[in-house]
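Visitor: I am new to reading structures. Could you show me one and explain how each label is earned?

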Protein chains: 2
Amino acid sequence: MLSKKTKYGIKALTYIAKVSDKNPVQIAVISKEENISHKFLESILLTLKKAGILGAKKGKGGGYYLLRSASDVMMSEVIRQLEGPIAMVPCVSLNFYEKCDDCPDEDKCTVHKLMLEVRDSTLGVLKNKSLAQLVSETN
Amino acid sequence: MLSKKTKYGIKALTYIAKVSDKNPVQIAVISKEENISHKFLESILLTLKKAGILGAKKGKGGGYYLLRSASDVMMSEVIRQLEGPIAMVPCVSLNFYEKCDDCPDEDKCTVHKLMLEVRDSTLGVLKNKSLAQLVSETN
DNA sequence: TATAAACCCTATCGGAATAATAGGGAAACA
DNA sequence: TGTTTCCCTATTATTCCGATAGGGTTTATA
């Protein structure tokens, strides 16, 4: 299940990508337009800033803006930053690998094998989908 | 993230499919061989029984057995029974659809659009993968 | 330089879901 | 008749999520 954090994060990025002619967008505006709790959204945008996806400008007239072109922001990166691993099981995660407690041999584990295929399939979608594409497709 | 319930369920099915020459397999055996809590496994197998995937035989020499051929047990069905929806967001779920509270128009929602593609991709894997295939691939 | 707008950071909390445990009941076979 | 094994319900411990609270810091601008 996708967390609301990730869901809101993608919505916010979408909003910024649509509106922004490089002008910062304020939390309050996104919060209102997308029906997201102000404070919660604040923490999400902060995460995206630390991840190097968004930049922020303080003070009056400030807000958040895309640090790169929307076509350089891939969904795989966004989801990894907000949600964590894309894999459904740590033992098949590329960026968050962890061995299972049970399961003496991964190569003989059917769950491992199955989830590996699911991960590859999912990654195939997310890795090739940029924010720019997503926005233009959905308009 | 895949729950342990689902993970254990798939492992148990695998075990039964491998071992069974139509003889019932006891919870205690699977529990020991696959390092799964006995009582927890019990509830999982019960779920699979109610789902029409496993049959059970009581009394001495009893246990659980596959109700159909392993090639007729698709992973999509197993996961839906144990985990619930395959989609990462209720608004793109085929079997567990639910509208989002926020989001006035699904067609214009980038999250909806993205998760639709992920679901289709995942389903493509799970729908075409039978228990029999999985077992033979992993041996 | 004062002020207000806006981002930045930490802590906390309630509720839901998960993983596991406990204890007994009912059926089937020897 | 007694043992094995599945069947069912309830409870608990833990973790995570979503949200809230409250204040701090920076910056533009009047």
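Guide: Let us start at the DNA: a phosphate oxygen of DNA strand C is 3.1 Å from an N or O atom in the side chain of Ser37(B). This is a predicted model, in which local features need pLDDT of at least 70, side-chain atom pairs count only at pLDDT 80 or more, and totals for chains, interfaces and linings use all residues. Residues are numbered from 1 along each chain as its sequence is written, chains are lettered from A and ligands numbered from 1 in the order in which they are written, and side-chain values use heavy atoms, with hydrogens and water left out.

Visitor: Why is the pair formed by Ser37(B) and a phosphate oxygen of DNA strand C called a polar contact?

Guide: A polar contact is a pair of N or O atoms within 3.5 Å; within protein, one must be able to donate a hydrogen and the other to accept it, and residues adjacent in sequence count only if both atoms are side-chain atoms. The Ser37(B) pair lies at 3.1 Å, so the label fits. Glu42(A) also has a side-chain N or O atom 2.3 Å from a base nitrogen of DNA strand C.

Visitor: What makes a residue count as near DNA strand C?

Guide: One of its heavy atoms must lie within 4 Å of the strand. By that rule 26 residues surround DNA strand C, with Glu42(A), Tyr64(A) and Lys4(B) among the closest. Sugar and phosphate account for 69% of the strand's atoms that come within 4 Å of the protein.

Visitor: How do you know that chain A and chain B are related as by a two-fold rotation axis?

Guide: Copies are superposed by least squares on the C-alpha atoms of residues with pLDDT of at least 70 in both. Chain B can be laid on chain A with an RMSD of 0.1 Å by a turn of 180° and a shift of 0.0 Å along the axis. The two copies are therefore related as by a two-fold rotation axis. With contact meaning heavy atoms within 4.5 Å, 100% of the contact residues of chain B recur in chain A.

Visitor: Why is the meeting of Glu117(B) and Lys129(A) called a salt bridge?

Guide: The term asks for a side-chain nitrogen of Lys or Arg within 4 Å of a carboxyl oxygen of Asp or Glu. Here the N to O distance is 3.0 Å, so the pair qualifies. Across the interface of chain B and chain A the rule finds eight salt bridges.
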